Amino acid sequence: MGPRQVAEALSAGIRRAVPEASVLQCPISDGGDGLLDAVLTPGSLREPVSVTGPLGAPVRGVLGWVDAETAIFESALLRSDQLDPLRATTRGVGELIWEATERGAKVVVVGLGGSATVDGGTGAARGLGWTFLDARGEALPEGGGSLGQLADLGGGWGLGAQVLALSDVTTPLIGSDGAAPVFAPQKGAGPEGVKLLSRGLERLAELMARHGRPELATLPGGGAAGGLGAGLAFFAKASLVSGAEWVLDRVGFDAALAKADLVVTGEGSFDRTSLVGKASGVVVRRAQAAKKRVAVVAGKVEGLIGIHALDGDGRVLDAAGIADLAERAARQALGLPLP
């Protein structure tokens, strides 16, 4: 379900609890799935663009337009049943950035969440004209699995747009809490694959440092989308920002929050990681800072103390299930009797 569908379901449940309530929907995203739905108005231009998919076959990307000079797209271009983290490439992301600039974009906003890649953004760089060579001077294969053999890189084409990369996590590129150890297992890598990908990203960080960007190894958010955050910062001179903070500012969340008696937000699985960059966690933090009552609705809630949260016992929730939980959350938060 997209963020607007979830917001509708939450609203339906709240209205059952408080029929006279004024409910203000505020669909959100942290740079992953649903970014375009959250940011673009229903009538905004969305262009289908064929680009290289993570495993080499063409896929359909969607280039959205906030205005005539601001393009936006999501980097999640791979279905979950096609995981191959050693070979998967972000080349399509670079191609979409290039397409956007060719069509007149002065600013290109890239949502980093939801990728199935761990290539440090080298694929995106290839889509922008960069080259990657091994010690013999031969071209490296695409994907993070070959980065350990990286010996040199060649500059890409001039990019006539500012790139803004929206990160949904604070994970750095390398280290024990870096992109490969944290995300590669989720994307299908076994223990040896994780080690190989970690060595590759460490080698990439060494070359970035050699070319004047040593800070990218530990930059918060640099490990987003398997290192795409750090890669775009290096190869496309992107600014890396919190996706949730950017989206909430964009949709006027604080102005809505000022009028609210109760804030209800949701996520598929809400746990401690939700509180370090995910959209729902940022909503909770802002609501608490404004001293507002806040409730979380999720398919699963784990390990949280001091946050009013209801879950569906790990079940996948449909619209009716979300509405039922939202009704319960509203009744409990406002001290109303349960039906």
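## Helix α8

Helix α8 spans residues 243-250 of this predicted model. Its buried residues are G243, A244, W246, V247 and L248. An α-helix makes one turn every 3.6 residues, so residues three or four places apart point the same way. In α8, G243 and V247 are both buried, and so are A244 and L248. Just after the helix comes G252, with a positive phi of about 75 degrees.

## The β1-β2-β3 hairpins

Strand β1 covers residues 46-52 and strand β2 covers residues 58-67. The two strands run antiparallel and are paired over seven bridges. One bridge sets T52 against P58 of β2. The hairpin of β1 and β2 has five residues between the strands. In this hairpin, G56 takes a positive phi near 100 degrees.

From β2 the chain passes to β3 through a hairpin of two residues. Strand β3 holds residues 70-74 and pairs with β2 in the antiparallel sense, over three bridges. D67 has T70 of β3 as its bridge partner.

## Strand β3 and its second partner

Besides its pairing with β2, β3 pairs with strand β4, residues 107-111. This second pairing is parallel and has five bridges. Within the pair, F73 stands opposite V110 of β4.

In a regular strand, side chains alternate between the two faces of the sheet. For β3, one side carries T70, I72 and E74, and the other carries A71 and F73. Both faces are covered, as the residues on each side are all buried. Five of the five residues of β3 are buried, so the strand is largely enclosed by the rest of the structure. E74 is one of these buried residues.

## T171 in a loop

T171 sits in the loop that lies between β7 (162-167) and α5 (179-183). Its relative accessibility is 11%, and buried means under 20%, so T171 counts as buried.

Which residues does T171 contact, leaving aside its neighbours within four places in sequence? One group is D177, G178, A179, V182 and F183. Among these, A179, V182 and F183 fall within the residue range of α5. T171 is also in contact with L219, P220, G221, G222, G223 and A224.

## The chain as a whole

The protein chain contains eleven helices and eleven strands. For 339 residues, a compact globule would have a radius of gyration near 20 Å, and the 21 Å of this chain agrees with that. Along the principal axes, the C-alpha atoms fill a box of roughly 75 × 45 × 35 Å. Of the 339 residues, 52% count as buried. Among contacts with a separation of 6 or more, residues 24 or more positions apart account for 70%.

The accessible surface comes to about 14900 Å², and carbon and sulfur atoms make up 52% of this area. The chain carries 32 positive and 37 negative charges. The mean positions of the positive and negative charges lie 2 Å apart.

Conventions: Residues are numbered from 1 along each chain as its sequence is written. This is a predicted model: local features need pLDDT of at least 70, side-chain atom pairs count only at pLDDT 80 or more; totals for chains, interfaces and linings use all residues. Side-chain values use heavy atoms; hydrogens and water are left out. Helices (H or I, at least four residues) and strands (E, at least two) are DSSP runs, numbered from the N terminus. The radius of gyration is taken over C-alpha atoms; the globule rule is 2.2 Å times the number of residues to the power 0.38. Buried means under 20% relative accessible area, exposed over 50%, partly exposed in between (1.4 Å probe, protein chains only). Contact means heavy atoms within 4.5 Å. Accessible areas come from the Shrake-Rupley method with a 1.4 Å probe; for residues, only the protein chains shown count as cover. Lys and Arg count as positive and Asp and Glu as negative; His and the chain ends are not counted. The place of a charge is taken as NZ of Lys, CZ of Arg, CG of Asp or CD of Glu. Two strands pair if DSSP finds at least two bridges between them.
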